[in-house]
Amino acid sequence: MASRSLTLTRLLRPRSRMSLGNPQFTGHCSSFRKWSTTDAHNVYWGGKWIRRAMFGGTFVGLGALGYLSLGWDTDFSRTLKVLWALPLRLGRDALTAATIAIGSIERTRAKHEVHLRCANRLQQLCFQNGGIYIKLGQHIGQLEYLIPEEYVQLMRASMLNKCPVSSYAQVCDVFMKELGKLPHEVFLEFDRSPLASASLAQVHVARTHDGRKVAVKIQHTHLTDTAAVDTATVELVVNILHWIFPAFDYRWLIDEVHESLPKELDFLYEAKNSEQCVYNFKRLSPHLAPYIYIPKVYWNLSTTRLLTMEFIDGVGVTDVDAMKRLGIRPSDVAKLISQAFAEMIFKHGFVHCDPHAANMMVQVAPSGKTGILGKRKPQLVLLDHGLYRVLDPLTRAHYAKLWKALVFADVKGIKENSVKLGAGEDLYVLFAGVLTMRPWQKVLDPAIDHLRLNGTDADRAELQMYASQYFMQISELLKRLPRVILLLLKTNDCLRAVDNALGASVNTYVIIGRVSSMAAAELQLSQGSPIWSRLRIYLDKLEVEVRLLALQVAACLISLQRCLSSFGMRLGFREQIL
């Protein structure tokens, strides 16, 4: 009996304290989500039940072990020692575990506060310097899967259309320099308070003398002087970083700023881009043209620093509640955006490269047509046409084939076209990950939703881990790729953020797969291929359509499954209440 009691005592003896401080244990504490009031509420109530379970389990364990000890050992003094040592050791265990848990929560809260403080400082820097810095802040707001949530939310809320404004006196100064008249002399009515303000300009509502309501885009007065300073700053910083860290080579950014900034500051160039975009949809995508709208430009009231356009009374492209009030399904808007930009990229070769949420609006399509469920069809309004890029036919063909391969998880096609676009045989896997924001094993997954981002904390943590782990390789990749592809990556980031706000439809990738496949086939046919090659191309198109149909059916089944699952959860919750 004595040996049994001794064995039991040894079994109950806790392991060394060092095991609780093992990095393998404490490392798991970093997996907590961002701290919020909801987290605090959950911690309080969760901790309450944990405490109850801990104390209850302790007393139950004491009783059970005491019973066993009494039953196994006739030495009463030995049994008393066991019962005396047991609560002390269990108490130490519980106290240590609680300390670690509380420390993890405090560390998570401190991390959140540091991120928020730094995000506010970055916002102040962007606002103080203006111009290109605000554009940087805008792009940070689109990188929700790579940048901590505090930065994304703050930049998205403030950088898109709530930037610092020019005073009315400065607005009058621009009018006098550009048109030789004051605003109230040019227009019958002119609202002195801007409707929105962005990095380069602010927009005022006005009414012409013949009664037409217009939006007047007025360039910030300081940009003429600060544009040169911004360019010089970027050049200096990039060159110094490259000199100190040779592997950190972002000198391509200097050429991009030199090319893009002057064009974005020329509002007549923007007006020409908008009209070219209209022409492309009417000529190359007539089936889609009725659902794409671009405000009319009033050329007689426009200059390089002042742009007068038709006023559009639409709703924000991420304002889901407003869409539903209009009878528009957000999923239809997501599909329309995906199709519009797929057509621009793969068919037109003339791409709007700044499609963030403030540059797109939605209104009801004027055709009055409704969908199968009686929902009204949306019309996409595209704004701010200052940043466009032209894709040459060869680049467009390789990019279309690459996306076709990504959608169908075709390893050979991914590698071949990534190499042709300049990624190289050593970085084509990384290029596929940067394009899709998915790890390589997900890219190769044949499932219909293998490229779909769920927007979970696990997704974000995984992508942020990859971004930090492969930072140097990403820098090398960006240096290799053509600059037009880099702008397409920026376009992808903007579209991904909007798509996620609208529900991240699986059909998005079916649309991309169809348009990219058709564009690749048309580009091959336009090169005057022999008859047998043309026949093979037609057969490939047929095969693609069959595969896309299967993917679309699978996407519908997935959507139906989610709807039924959501309905079942609501029904179960209701039954619990009743």
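In which helix do Asp493 and Arg496 both lie, and how many residues apart are they? Both belong to helix α20 (residues 483-501), where they are 3 residues apart, about one turn of the helix. Helices (H or I, at least four residues) and strands (E, at least two) are taken here as DSSP runs, numbered from the N terminus. The side chains of Asp493 and Arg496 meet in a salt bridge, with 3.1 Å from N to O. A salt bridge is a side-chain nitrogen of Lys or Arg within 4 Å of a carboxyl oxygen of Asp or Glu. Asp493 is buried at 10% relative accessibility, and Arg496 is buried as well, at 14%. Buried stands for under 20% relative accessible area, exposed for over 50%, and partly exposed for what lies in between (1.4 Å probe, protein chains only).

The structure is a predicted model, in which local features need pLDDT of at least 70 and side-chain atom pairs count only at pLDDT 80 or more, while totals for chains, interfaces and linings use all residues. Residues are numbered from 1 along each chain as its sequence is written, and side-chain values use heavy atoms, with hydrogens and water left out.

A view of the whole chain comes next. The chain holds 22 helices and 11 strands, and 44% of its 578 residues are buried. Among contacts with a separation of 6 or more, 69% are between residues 24 or more positions apart; contact means heavy atoms within 4.5 Å. About 30600 Å² of the chain is exposed, with carbon and sulfur atoms supplying 61% of it. Such areas come from the Shrake-Rupley method with a 1.4 Å probe, and for residues only the protein chains shown count as cover.

Two of the helices give a closer look at buried positions. Helix α10 (residues 252-264) has 13 residues and should span 18 Å at 1.5 Å a residue, which agrees with the 18 Å between its end C-alpha atoms. The expected span is 1.5 Å times one less than the number of residues. Buried residues of α10 include Trp252, Ile254, Val257 and Leu261. Glu256 of α10 is buried too, and Glu256 also takes part in a network of salt bridges with Glu259, Lys263, Arg389 and Arg483. In helix α21 (residues 507-525) lies Ser517, buried with a relative accessible area of 6%. Beyond its neighbours within four places in sequence, Ser517 is in contact with Lys404, Phe408 and Val544.

The surface has its own landmark. Leu236, Ile240, Trp243, Ile244 and Phe245 make a nonpolar surface patch of about 600 Å². Patches are made of residues with over 30% relative accessible area and no salt bridge, like charges being joined within 9 Å and nonpolar side chains (Val, Leu, Ile, Met, Phe, Trp, Tyr) within 5 Å. Trp243 of this patch sits in helix α9 (residues 223-244) and is exposed, at 71% relative accessibility.

Among the strands, β3 (residues 201-207) makes a good starting point. Of its 7 residues 5 are buried, so β3 is largely enclosed by the rest of the structure. Two strands pair if DSSP finds at least two bridges between them. Strand β1 (residues 189-190) runs antiparallel to β3 and is joined to it by 2 bridges, with Glu189 opposite Arg207. Strand β2 (residues 196-197) also pairs with β3 in the antiparallel sense, over 2 bridges, and a hairpin of 3 residues joins β2 to β3. With strand β4 (residues 213-219), β3 shares 7 antiparallel bridges, and Val205 has Ala215 as its bridge partner there. The hairpin of β3 and β4 has 5 residues between the strands, and Gly211 in the turn has a positive phi of about 90°.

Elsewhere, 4 strands form an open sheet of mixed pairing in the order β5-β10-β9-β7. Its edge strands, β5 (292-293) and β7 (315-316), each pair on one side only.

The salt bridges come to 19 in total. Glu416 and Lys420 form one of them, their closest N and O atoms being 3.1 Å apart; the two residues are 4 residues apart in helix α15 (residues 411-420), separated by about one helical turn. Asp426 and Arg480 form another, with closest N and O atoms 2.7 Å apart. Asp426 lies in the loop between α15 and α16 (428-436) and Arg480 in helix α19 (residues 471-480), so this pair ties together parts that are 54 residues apart in sequence. Asp426 is exposed at 55% relative accessibility, whereas Arg480 is partly exposed at 30%.
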